[in-house]
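Work through the exercises below with the sequence and the model open. Each task is followed by a solution in steps.

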Amino acid sequence: MQNKVTVTIDGQEYTLVASEDASYMKKVAAHVDSKIAELREGGKISGADAAVLAALNMADEYFKGLETAENLRAQIKESLEESKKLNLELSEAKREIFKLQTQGKK
């Protein structure tokens, strides 16, 4: 289902159409608007330049987020592999204990 919402970014109204909820689209637009507003606070930058710089800043955040996510995935994978290894060692140790207990009872 397509949702339609009108948002204001840097004083301009835009109509967005997307499958996401209107509240989500408003949140995204507010984020973009605040990034542009931060850049325009000095008053010496055009709206177009502020939009480009905001896009560059958000792209930077996006790629750093992807890198962080990939690092976390690698850490999780490493931890799961270590856990699997430790579980195998534990199982082997339990078998050895059982074997020794059985031999001790004879």
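**Exercise 1. Classify Asn3 as buried or exposed, and find what its side chain meets.**

Step 1. Asn3 has a relative accessibility of 17%, so it counts as buried; buried means under 20% relative accessible area, exposed over 50%, and partly exposed in between (1.4 Å probe, protein chains only). This is a predicted model, in which local features need pLDDT of at least 70 and side-chain atom pairs count only at pLDDT 80 or more, while totals for chains, interfaces and linings use all residues. Residues are numbered from 1 along each chain as its sequence is written, and side-chain values use heavy atoms, with hydrogens and water left out.

Step 2. Asn3 is placed in strand S1. Helices (H or I, at least four residues) and strands (E, at least two) are DSSP runs, numbered from the N terminus.

Step 3. The covered face of S1 holds Asn3, Val5, Val7 and Ile9, and the uncovered face holds Lys4, Thr6 and Thr8.

Step 4. A polar atom of the Asn3 side chain lies 2.8 Å from the backbone oxygen of Glu20. Beyond neighbours within four places in sequence, the contacts of Asn3 (heavy atoms within 4.5 Å) include Leu16, Ala18, Glu20 and Met25.

**Exercise 2. Describe how S1 and S2 pair.**

Step 1. The two strands run antiparallel and share seven bridges; strands pair if DSSP finds at least two bridges between them.

Step 2. Lys4 stands opposite Val17 in S2.

Step 3. The hairpin has two residues between its strands, and Asp10 there takes a positive phi near 55 degrees. Asp10 is a residue other than glycine.

**Exercise 3. Which residues make up the largest nonpolar core, and which elements give two or more of them?**

Step 1. A nonpolar core is a set of buried Ala, Val, Leu, Ile, Met, Phe, Trp, Tyr and Cys residues joined through side-chain atoms within 4.5 Å.

Step 2. The largest one has ten residues: Val5, Val7, Ile9, Ala18, Met25, Ala29, Ile36, Ile45, Ala50 and Ala54. Strand S1 (3–9), helix H1 (22–40) and helix H2 (47–105) each give two or more residues to this core.

Step 3. Apart from neighbours within four places in sequence, Ile36 touches Ile9, Asp10, Ala50, Ala51 and Ala54.

**Exercise 4. How many salt bridges does the structure hold, and what does the one between Arg40 and Asp10 tie together?**

Step 1. There are five salt bridges, each a side-chain nitrogen of Lys or Arg within 4 Å of a carboxyl oxygen of Asp or Glu.

Step 2. In one of them, Arg40 and Asp10 meet at 2.9 Å, N to O. Arg40 is in helix H1 and Asp10 in the loop between S1 and S2, so the pair ties together parts 30 residues apart in sequence.

Step 3. Arg40 is partly exposed at 31% relative accessibility, and Asp10 is partly exposed with a relative accessible area of 31%.

Step 4. Asp60 and Lys64 form another, with the closest N and O atoms 3.3 Å apart. Both lie in helix H2, four residues apart, about one turn of the helix.

**Exercise 5. Find the aromatic pair and name its geometry.**

Step 1. Rings of Phe, Tyr and Trp (its six-membered ring) pair if their centres lie within 6.5 Å; planes under 30 degrees apart count as stacked, over 60 as edge-to-face and the rest as tilted.

Step 2. The whole structure yields one aromatic pair. The ring centres of Tyr62 and Phe63 are 5.1 Å apart and the planes are at 70 degrees, so the pair is edge-to-face.

Step 3. Phe63 is exposed, with a relative accessible area of 53%.

Methods:
Polar contact = N/O pair within 3.5 Å; in protein donor to acceptor, adjacent residues only side chain to side chain.
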